[in-house]
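Trainee: I have a new model open and would like to walk through it with you. Could we take it a residue at a time?

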Amino acid sequence: MLDIIKKASLGAVGSTNPVAFSYGTVTVAAPLQIQVDQRFILSGAALVLPESVMESKLEWEGREIVLRRGLEKGDRVLMVRMQGGQSYVVLDRLVDPV
């Protein structure tokens, strides 16, 4: 009986598309489009972006200084697919180890 309950609960969790990590590549910077695992392309409301991947600029002594660049074409990103698979959160840009 316990095994049947375990199998039923695992099946219920699996059918709801729980959170999963994915890799993506930025194909277009503006408007942002990200190709996920070379299978499909996400854009618009399907992407949730934290401030850490957004461009940040500072104006100092009449000059504009880029503190952090935004996502650019070719950037690889780590993403989390939210439950249900309707939106993806971009966690951060990936870099190659030095």
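**A walk from the core to the surface**

Mentor: Gladly! Keep in mind that this is a predicted model. Let's start with Leu-71, which touches Val-26, Ala-29, Leu-32, Leu-49, Val-53, Val-77, Val-90 and Arg-93, leaving out residues up to four places away in sequence.

Trainee: Which strands give two or more residues to the largest nonpolar core?

Mentor: That core has 13 residues, and Leu-71 is among those with the most contacts inside it, along with Ile-34, Leu-42, Val-77, Met-79 and Val-90. The elements that supply two or more residues are strand S2 (33-36), strand S7 (76-81) and strand S8 (88-93).

Trainee: Arg-93 is on the contact list of Leu-71. Is Arg-93 buried or exposed?

Mentor: Arg-93 lies in strand S8. Its relative accessible area is 18%, and the cut-off for buried is under 20%. Therefore Arg-93 counts as buried.

Trainee: Which side chain joins that of Arg-93 in a polar contact?

Mentor: Setting aside neighbours within four places in sequence, Arg-93 is in contact with Val-53, Arg-69, Gly-70, Leu-71, Asp-75, Arg-76 and Val-77. From this group, Gly-70 offers its backbone oxygen, which the Arg-93 side chain reaches at 3.1 Å. The side-chain partner, at 3.0 Å, is Asp-75.

Trainee: Now for Lys-57: which side chains make polar contacts with its side chain?

Mentor: Lys-57 lies in strand S5. Not counting residues up to four places away in sequence, Lys-57 touches Glu-64, Ile-65, Val-66 and Leu-67. One polar contact of its side chain, at 3.2 Å, is with the side chain of Glu-64. Another, at 3.3 Å, is with the side chain of Glu-55.

Trainee: Why does Lys-57 count as partly exposed?

Mentor: Partly exposed covers the range between the buried limit of 20% and the exposed limit of 50%. Lys-57 falls in that class because its relative accessibility is 42%.

Trainee: How far apart are the C-alpha atoms of Lys-57 and Gln-83?

Mentor: Along the chain, these two are 26 residues apart. In space, their C-alpha atoms are separated by 34 Å.

Trainee: What is the accessible area of the nonpolar surface patch that includes Leu-58?

Mentor: Leu-58 sits in strand S5 (residues 56-60). With a relative accessible area of 39%, Leu-58 is partly exposed, and patch residues need over 30%. Its patch partners are Trp-60 and Leu-67. Together, the three have an accessible area of about 320 Å².

Key
Residues numbered from 1 in each chain as written. Predicted model: local features only at pLDDT ≥ 70, side-chain atom pairs only at ≥ 80, totals over all residues. Heavy atoms only, no water. Patch = residues over 30% accessible without salt bridge, like charges linked within 9 Å, V, L, I, M, F, W, Y side chains within 5 Å. Areas by Shrake-Rupley, 256 points an atom, 1.4 Å probe, with all protein chains shown as cover. Salt bridge = Lys/Arg side-chain N within 4 Å of Asp/Glu carboxyl O. Helix = DSSP H or I, 4+ residues; strand = E, 2+ residues; numbered from the N terminus. Buried < 20%, exposed > 50% of the residue type's maximum accessible area, 1.4 Å probe, protein only. Core = buried A, V, L, I, M, F, W, Y, C linked by side-chain atoms within 4.5 Å. Contact = heavy atoms within 4.5 Å. Polar contact = N/O pair within 3.5 Å; in protein donor to acceptor, adjacent residues only side chain to side chain.
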